[in-house]
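Reader: I would like a close look at a single part of this model. Please take the side-chain contacts, and say how accessible their members are.

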Amino acid sequence: MSRKNKREDDLDTETTFVDMNVEGFRWYDPSKKKNNGERKIKRKITRREYWDMVRGAFAAFAPFMIIVIVAFGIVIGLAYLWLS
């Protein structure tokens, strides 16, 4: 069997999401503060962008809520028919 056809693994082992230099760990080094050129970008959003995000959140959540309300109505209707 040849290993030439084996796909490369796309696992990213370089990206860090949390600084693991935490006090109490045996590898804690208080003098080591990594920034790696990372900076937090604060961007002001406009009123239109805000309301577009709110509308998008409702559009994503509305089908779930409609299904829950319809299912609840069906259960109430069945309970009414069964108990009457």
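Author: Buried stands for under 20% relative accessible area, exposed for over 50%, and partly exposed for the range in between (1.4 Å probe, protein chains only). The model is predicted: local features need pLDDT of at least 70 and side-chain atom pairs pLDDT 80 or more, while totals for chains, interfaces and linings use all residues. Numbering starts from 1 along each chain as its sequence is written, and side-chain values rest on heavy atoms, without hydrogens or water.

Start with the frame. The protein chain has one helix and zero strands (DSSP runs, H or I of at least four residues for helices, E of at least two for strands, numbered from the N terminus). The helix is α1, and it covers residues 47-83. Of the 84 residues in the protein chain, 1% are buried.

Now the charged contacts. Three salt bridges are present (a Lys or Arg side-chain nitrogen within 4 Å of an Asp or Glu carboxyl oxygen). In general, side chains of opposite charge can pair when their charged atoms come close.

Take aspartate 52 as the hub. Which side chains are linked with Asp52 in a network of salt bridges? They are Arg48 and Arg55. The bridge from arginine 48 to aspartate 52 has an N to O distance of 3.9 Å. These two residues sit four apart in helix α1, so about one helical turn separates them. The bridge from arginine 55 to aspartate 52 has an N to O distance of 2.9 Å. Here the spacing along helix α1 is three residues, again about one turn.

Is arginine 48 buried or exposed? Arginine 48 has 64% relative accessibility, so it counts as exposed. Arginine 55, at 53%, is exposed as well. Aspartate 52 is partly exposed, at 33% relative accessible area. The network therefore joins two exposed arginines, Arg48 and Arg55, to a partly exposed aspartate, Asp52.

The remaining bridge pairs glutamate 49 with arginine 43. Their closest N and O atoms lie 3.1 Å apart. Glutamate 49 is partly exposed, with a relative accessible area of 28%. Arginine 43 reaches 59% and is exposed.

Turn to the rings. The structure has two aromatic pairs (Phe, Tyr or six-membered Trp rings with centres within 6.5 Å; planes under 30 degrees apart are stacked, over 60 edge-to-face, the rest tilted). One joins tyrosine 50 to tryptophan 51: the ring centres are 5.1 Å apart and the planes stand at 80 degrees, so this pair is edge-to-face. Tyrosine 50 is partly exposed, at 42% relative accessibility. Tryptophan 51 is also partly exposed, with a relative accessible area of 44%.

The other pair is phenylalanine 61 with phenylalanine 64. Their centres are 5.7 Å apart, and 45 degrees between the planes makes the pair tilted. Both phenylalanines belong to helix α1 and are three residues apart, about one turn of the helix. Phenylalanine 61 counts as partly exposed at 45% relative accessibility. Phenylalanine 64 counts as partly exposed at 48%.

Put the contacts side by side. About one turn of helix α1 separates the partners in Arg48–Asp52, in Arg55–Asp52 and in Phe61–Phe64.
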